[in-house]
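Colleague: Could you walk me through the charged pairs in this one? I'm new to it.

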Amino acid sequence: MSVVEKDTNRVLLLAKADAIAAAIAGSEEAQSFWQARAKMERHVEAQKLFDELKRKTNALLTLKDRLGEEHEKYQRMKAETDALWDRLADIPVALQYKAAQDELNGLLQEITLIMLARLREQLPVERGPRQCGSGGCSSGGCGGSCGGH
C-alpha cells in the first residue's frame, strides 16, 4: 500500500469517526441531556448540591485509595455523599438531569464496547480500566471485578 493510499484510508476512517460523533451529538439521548442540563443550570439549589456532590465524591475516592473503605473518615464522607444524593432525589430537575446523563453515558459506553468487540475479532485489543470496572488492568489482563470477561 502506498503512502497516498494510507493517507486516503486514514482520512476516510477519520471522516467516519466524525460521522459517528455527529450522529451521537444529534441523538435523542444527547438532546435530552442538553435539555435536562439547561433546566439544572436554572435551578440554583440543585446546581449547588451537584457541585458539592462532585467535590465530596472526589474526596471520597481519594480517601478510599489512601485509607480504604473501612476507615472512619471514609465512612463519614460516604454518609455525607449519601445525604447529598438523598437531597438531590427530592428535586425532580436533578433526577431528570441524572437520568439523561446516565442515558447518554450508556449510549457512549455501548458504542465503545461494540467498536472494541469488532476490533477484537481482528486486532489484539487489550482491555483498559474503563472496560474492567473498578478492578483495573495489569499487563496480564484485567483484575478485580472484570477478570476473564
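Modeller: Start with aspartate 102. Aspartate 102 has a relative accessible area of 41%, so it is partly exposed, that is, between buried (under 20% relative accessible area) and exposed (over 50%), with a 1.4 Å probe and protein chains only.

Colleague: Which lysine does aspartate 102 meet in a salt bridge?

Modeller: Lysine 98, at 2.9 Å from N to O. A salt bridge here is a side-chain nitrogen of Lys or Arg within 4 Å of a carboxyl oxygen of Asp or Glu. Lysine 98 is partly exposed too, at 25% relative accessibility.

Colleague: Where do lysine 98 and aspartate 102 sit?

Modeller: In helix H5, residues 92–120. They are four residues apart, so about one helical turn separates them. Helices are DSSP runs (H or I, at least four residues), numbered from the N terminus.

Colleague: What can I trust here?

Modeller: This is a predicted model, where local features need pLDDT of at least 70 and side-chain atom pairs count only at pLDDT 80 or more, while totals for chains, interfaces and linings use all residues. Residues are numbered from 1 along each chain as its sequence is written, and side-chain values use heavy atoms, leaving out hydrogens and water.

Colleague: How many salt bridges are there by this rule?

Modeller: Six. One of them joins aspartate 82 and lysine 78, at 3.1 Å from N to O. Those two are four residues apart in helix H4, residues 72–89.

Colleague: And what does lysine 64 pair with?

Modeller: Glutamate 69, with the closest N and O atoms 3.3 Å apart. Lysine 64 is partly exposed at 35%, and glutamate 69 is partly exposed at 39%.
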